[in-house]
Amino acid sequence: MATVAIRIGVIGCGFYAQNHLHAWKELAADGAVLAAVCDVDPGKAEAAGRTFGVPFYTDAAALLATERLDGVDIVTRHDTHRALCELAIARGVAIIVQKPLAPNWDDCVAIVEAAAKAGVWLAVHENFRFQTPMRHVRRVIDSGAIGTPNWARVTFRTGFDVYLTQPYFYDEERLAIADVGIHVLDLARFFLGEVERISCETQRRNPKVRAEDTATMLLRHRSGAVSVVECTYEARRDPDPFPETLVEIEGDKGSIIVRPGSIMRVTSNGTTTEEDIGSPLRSWTSNPWHVAQEGAFMACRHFLDCLQRGVPAETSGKDNLKTYALVDAAYRAAAEHRAIIPAQWKENTGALSMERWAQ
Ligand SMILES: NC(=O)c1ccc[n+]([C@@H]2O[C@H](COP(=O)([O-])OP(=O)(O)OC[C@H]3O[C@@H](n4cnc5c(N)ncnc54)[C@H](O)[C@@H]3O)[C@@H](O)[C@H]2O)c1
């Protein structure tokens, strides 16, 4: 069967977009066509256009009006996502948009509802769950080797200088949870299912940043499982696992432990095995970023496959509201010193509506 070509326009050609651009180029063999790029910064637009050999734009409306696109991949910061999504929705063009979907819950819901109303395919580029090591963990859970998972710790703890490539972190109003905690919370959902309530303690350990750089969260999942979800940019550790997420999951028949270097130990019914669950470097990835870059590639590959088959992405806009609700609930839990039930968005038959659970 012939491969369905999917023409993608990348909007935003900054730091992280370089990974998306490489991913789409590599996915040409599978039918992805990097059709054009766009950045309001003319230098970045031109550099990306020349490097990847495609037309470049400084205005997303012009990109959408000129190019025949099947989808846009929005890799700008969260405060621009809603306006850019609305442009694509007005043109009926599928959307992949980086996390966090928007700066606040109401904007997230507005994007999801507008896309649903217009019948526009929408996915959030939530990529940690697509990292090869995390897929291996999920494979072991699904195999039943550890029985029913009932406790987990999912952690992203580093002292790597993330401010070097993302200096805007200093001024964010919400930092650790909104930037990286969102990925780790999504993993907790991916491994243990939906969340009933969440507690959270935040810390600002680096006096140069405006918001929290450390968060320790406690989740009660609907299955009855409990997880501890941690993230910090202020750990002083040797080895520093950046940018790996470390995982410990206990079930009634065994456990999964992922150590730095993507080494997974699985104990099942009293027998322990060890496996390297990392993946080889791609032509355009390098350490220490490889795990994150590879996750972006695997996410793009998943989105391409879903677009070609005309099915929703695993991290559709609707799905990602559940992860975003955890982010919001964590901030509220930290501010109010109590466990919070995450907000829920419900799609009613006929009309769409948002329902917030009363506390
Ligand atoms: N692991 C991950 O998945 C990961 C890692 C890093 C960043 N991110 C996410 O990627 C997004 C971008 O982050 P970044 O660090 O690359 O930011 P960045 O500031 O380096 O790049 C953003 C780019 O968007 C451009 N831009 C802004 N408004 C625009 C508009 N209206 N039209 C076109 N271009 C516009 C800017 O000029 C800039 O070049 C954020 O949402 C961030 O959270 C994800």
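Which residues lie nearest the centre of the second largest pocket? I began my notes with that question, keeping in mind that this is a predicted model.

**Entry 1: the second largest pocket**

I looked up the lining and found 16 residues, with Glu-194, Arg-222, Lys-322, Ala-343 and Gln-344 nearest the centre of this pocket. I then asked which elements give two or more residues to this lining. They are α9, spanning 317–336, and β15, spanning 344–347. Of the two, I noted α9 in particular, since the largest share of the lining, six residues, comes from it. By type, I have the lining down as eight nonpolar residues, one polar and seven charged. For the space inside the second largest pocket I wrote about 230 Å³.

**Entry 2: the largest pocket**

I turned next to the largest pocket, whose volume is about 1,100 Å³. I found 50 residues lining it, and the closest to its centre are Val-75, Thr-76, Arg-77, Gln-166 and Tyr-168. Where does this pocket lie with respect to the domains? Domain 1 covers 6–120 and domain 2 covers 129–286; both give residues to the lining, so I placed the largest pocket between them. I also looked for the element that gives the most to this lining, and it is helix α7, residues 176–192, with four residues. Sorted by type, the lining of the largest pocket holds 28 nonpolar, eleven polar and eleven charged residues.

**Entry 3: a helix pair**

I looked up how helix α1, residues 17–26, packs with helix α8, residues 290–309. Their axes are 9 Å apart and the angle is about 50°. Why did I write "oblique" for this pair? An angle of about 50° is neither under 35 degrees nor in the range from 65 to 115, and α1 and α8 are therefore oblique to each other. I recorded the crossing of α1 past α8 as right-handed.

**Entry 4: cis peptide bonds**

I checked the bond between Lys-99 and Pro-100 and found it cis, with omega about -20°. I located Pro-100 in the loop between β5 (94–98) and α5 (105–118). I then noted another cis bond, from Asn-287 to Pro-288, where omega is near 10°. Pro-288 sits in the loop between β14 (271–276) and α8, and α8 is a helix I had already met in its packing with α1.

**Entry 5: a positive phi**

What is the phi of Ser-262? I have it as near 55°, a positive value in a residue other than glycine. On the chain, I found Ser-262 in the loop between β12 (254–259) and β13 (263–268).

Technical notes
Residues numbered from 1 in each chain as written. Predicted model: local features only at pLDDT ≥ 70, side-chain atom pairs only at ≥ 80, totals over all residues. Heavy atoms only, no water. 1 Å grid on protein atoms, 1.4 Å probe; cavity = no way out; pocket = protein on both sides within 12 Å on 5 of 7 lines; lining within 4 Å. Points joined across faces, edges and corners; volume = space filled by probe spheres on them. Nonpolar A, V, L, I, M, F, W, Y, C, P; charged D, E, K, R; others polar. Domains from an automatic or database assignment. Axes fitted to C-alpha atoms, helices over the stretch in contact; angles between N-to-C directions. Parallel < 35°, antiparallel > 145°, perpendicular 65-115°, else oblique. Left-handed = near helix turned anticlockwise from the far one by under 90°.
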